[in-house]
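Me: Please take a close look at a single strand in this model and its two faces. Then work outward to the sheet around it, the contact between the chains and the cores.

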Amino acid sequence: MIEVDAVIIGGGIVGASAALFLGKTGRRVALLERDFCGSHSSGVNYGGVRRQGRPLSQLPLSQKAHAIWAQLPQLIGIDGEYQRSGHLKLARSLNDLLALQDYADSSQGFGLDLQVLDRAQLRARFPWVGDVAVGASYCPDDGHANPRLVSPAFAQAARRHGAQVHEQCAVTSVEHDGQRFRVRTQTGLELHAPWLLNCAGAWAGNLAAQFGEPVPMHSGHPAMLVTEPLPLVMNASTGVEGGGIYARQVARGNCVLGGGQGFALDNARARPGQSAVLEILRQAVELYPFLEGAQAIRTWSGTEGYLPDRQPVIGHSRTQPGLLHAFGFAGAGFQIGPAVGQALTEIICSGASKTSLDAFSITRFHSISVA
Amino acid sequence: MKSVVIIGAGPAGIRAAQTLVEHGVRPVLLDEAARGGGQIYRRQPANFKRSAVKLYGFEARKANALHQTIDTLREQLDYRPETLVWNAEDGTLDTLHDGHAARLAFSKVIVATGATDRILPVPGWTLPGVYSLGAAQIALKFQGCAIGERVVFAGSGPLLYLVAYQYAKAGAKVVAVLDSSPFSAQARALPGLLSQPATLAKGIYYRGWLTAHGIAVHQGATLNRIDGEQRVQSLKWSDSNGQHQLDCDAVAFAHGLRSETQLADLLGCEFAWNPLNRAWLPTRDNAGRSSIAQVYLAGDGAGIMGADAAEMAGERAALALLEDIGYLIPPQRPAQLEQSLKRIGDFRQGLERAFAFPEHWAAEVADDVMVCRCEEVRAGDIREVVREGHWEINRVKAHCRVGMGRCQGRMCGAAAAEIIARESQRPVSEIGRLRAQAPIKPLPFGLEIEA
């Protein structure tokens, strides 16, 4: 039997950063991961470290995360290939450009410093963007990083700060005995703790449902691919207004592209699927003509949790004191994840998060019945 | 309409096609090469006029027979050469031909994807002038080129003596053959090898011929390193008598073959660890049925058995397929084929003993030796990740990029697995299996897509 202050279920970037920040305060933490830490959507996502384009309600937390990312090497011991390359959101029509302008206006005051570029400005500053783009919005301090390295490194750092990290350790049962949680694992562990953090990503719905607060979450499977190393061309990570594809180039020269949806192989694994891959190959040469003739060498996908409003659930359970939720990041949890871990830590250590989490309450899915 | 599809026009694929046609089925035969024959019976370009005997030696009759079969069948097949199957999902194959991407729905598919060399890197193996044994053989068969003027053949496996013999016959100077397996292992293996006396006799013949022509054949010989400025100039090897140096301008090396299993993986086949092949292989019954009802496996792509076995396995898998879709098949034939395959299987057990896997390689390979050429990952990089606590091969890949490049681990995966196993002190069967991901081979941007 293991007695700790908090049991965290899920070794993705949210759970692992909560383990790290709690460990730094001296709390006793056990991080339970069914597979390997950072091996699912935290580790196989596109790697965008982006604030631009998020709903305004996420921007305070996203700004907190931005400050954490600035300290990444000190925090997790590696640079994670993180670079503030800038993020360029492209518009393919004047309407899309207007939407970008609207976002730039409404997000003013949050510190994103967006620059809306017309066609001529875009050509002059980013000549590698295809003619299909009529303009763009540029966020100079957004960037990208390597999720394969960053997310597992949060778990490693948590371990260095005293957290117990149990990999290949699926949770088989969770109970609350009125005082504390009792968590049992497939490997035969039994853990007791007053706090339980549900950071189980696309699989977090089961635990929420067990405590009487089911959520309408579904899984998404982003299609991703990477090219062979190419001469360095892209000096910004890119996306497209209205969706479509996103692309970045890493220091080694490989271009990472994503877009569209793949399919699930089983409950845990997914593949990008033929249609999405071909669609990326087709669209990419319009948006990034220098890719013509380059080769895609690998594709992959993952399993992400989506709620209907594409906003995460973060914060207290409505039904069970001591239970905190943090899941459903709709494919956009990588950048914000460390700030979520920090917010959960603040709840445990000082009673409340310094950043408001009201917009992310699980209660938004549960109509309050009046007897 | 959904087709019966065969992937690969080597010995297994061609015999499978022939068997289907004989029963009135018109299959689609997809092959990456321009002309059927596979790697072992690879055909020279149409305007080359070397004789079959010159190209294939003892195997000329078999090569001719197989080529004639595919030529004769051509009209009765939907034969699509120069076609890559880059992905498989949901009952369809994704193909790439001449810059065009297309989909092909199948009702049944026979996967006959063959094998490539198993490479255990040594210092200097990425120098120009170093080839795998299979590649050296293809240069000779396909283009009539030798890989150098003074060639050393090293490693183990039946290809070692065969390719050295073919080079010497073709007039190349074979400096030496360095066989990593000790003579004692080969003597111990003799009982198993006697199950296929003709094949054994050929092996003995090649070696005897080399020795009779003054070519040094060393057993228990380890290739230590390959040296050169711009390309291969010399190598060092060692045996129980100490270290030796040889001057040469080319080296061909490999330690046997490994199955090309990516498509079986993408098709959803169940895999199991196979100690004889020292690899994860798609499971199949004696007839070649995989764990997936629509998918059949034949030839070296499902376990290394050689070309003769591949022909039989291709026919056997096709008969199973025919039976499963309600055709009457010759009642005696399946048992005959399975019996012959079993005999070859026994021989193969003997071969593995004769050409034992050099288990010490993973412990001895130096930290600075490049293991993954595509991503430039060295043995020491892999070991470092293992020392950080990772032992599952896909996790090690995620951390140091081994197997992440152009070849998707087809060249370096076996070597990486050995290093991970050794460093994490686990059996190589206990470190997981590299998961296949599309595309099997690189896919270009800007391809044309058929609706």
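Reply: In this predicted model, strand β11(A) has two faces: F181(A), V183(A) and T185(A) make up the covered one, while R182(A) and R184(A) lie on the uncovered one.

On one side, β11(A), residues 181-185, runs antiparallel to β10(A), and 5 bridges join the two. Two of the residues on the covered face can be placed in this pairing. F181(A) stands opposite H176(A), and T185(A) has V171(A) opposite. The two strands form a hairpin with 4 residues between them, and in its turn G178(A) has a positive phi of about 100°.

On the other side comes β12(A), residues 190-193, again antiparallel to β11(A), with 4 bridges. Here V183(A), the remaining residue named on the covered face, stands opposite L191(A). This pair of strands is also a hairpin with 4 residues between them, and G188(A) takes a positive phi near 95°.

The sheet as a whole is open and has 4 strands, in the order β1-β12-β11-β10 of chain A, with mixed pairing. At its edges stand β1(A), residues 2-3, and β10(A), residues 171-176; each has a single partner strand, so one side of each is left without a neighbour in the sheet. Strands of a sheet pair through backbone hydrogen bonds, either parallel or antiparallel.

Pairing also occurs between the chains. β21(A) and β22(B), residues 443-444, pair in the antiparallel sense over 2 bridges, and A296(A) stands opposite L443(B) there. The contact between the chains takes 25 residues from chain A and 23 residues from chain B. On the chain A side, the elements that give two or more residues are α7 (147-160), α9 (274-287) and β21 (295-300). Of these, α9(A) supplies the largest share, 7 residues. By class, that side has 12 nonpolar, 7 polar and 6 charged residues.

As for the cores, the largest nonpolar one has 188 residues, and V151(B) and I382(B) have the most contacts inside it. Helix α10(B), residues 307-324, gives the most to this core, with 11 residues. Apart from it lies another core, of 70 residues, which includes V171(A), together with I8(A), L61(A) and V313(A) among others. V171(A) is also the residue opposite T185(A) of β11(A), which links this core to the pairing described above. Back in the largest core, the contacts of V151(B), leaving out residues up to four places away in sequence, are A146(B), Y167(B), A172(B), K173(B), V174(B), V175(B), C248(B), A250(B) and A252(B).

Helix α10(B) is also part of what covers the buried residues of α1(B), along with elements of chain B including β1 (3-7), β2 (28-30), α3 (60-73) and β6 (100-111). Of the 12 residues of α1(B), 10 are buried, so this helix is largely enclosed by the rest of the structure. The buried residues run from P11(B), A12(B), G13(B), I14(B) and R15(B) to A16(B), A17(B), Q18(B), T19(B) and L20(B). At 1.5 Å a residue, α1(B), residues 11-22, should span 16 Å, and its end C-alpha atoms are 17 Å apart, which agrees. Just after this helix, G24(B) takes a positive phi of about 90°.

Definitions and conventions. Residues numbered from 1 in each chain as written. Chains lettered and ligands numbered in written order. Predicted model: local features only at pLDDT ≥ 70, side-chain atom pairs only at ≥ 80, totals over all residues. Pairing = 2+ DSSP bridges. Core = buried A, V, L, I, M, F, W, Y, C linked by C-beta atoms within 7 Å. Buried ≥ 20, exposed ≤ 12 C-beta atoms within 10 Å, placed from the backbone. Contact = placed C-beta atoms within 7 Å. Nonpolar A, V, L, I, M, F, W, Y, C, P; charged D, E, K, R; others polar. Expected span 1.5 Å × (residues − 1).
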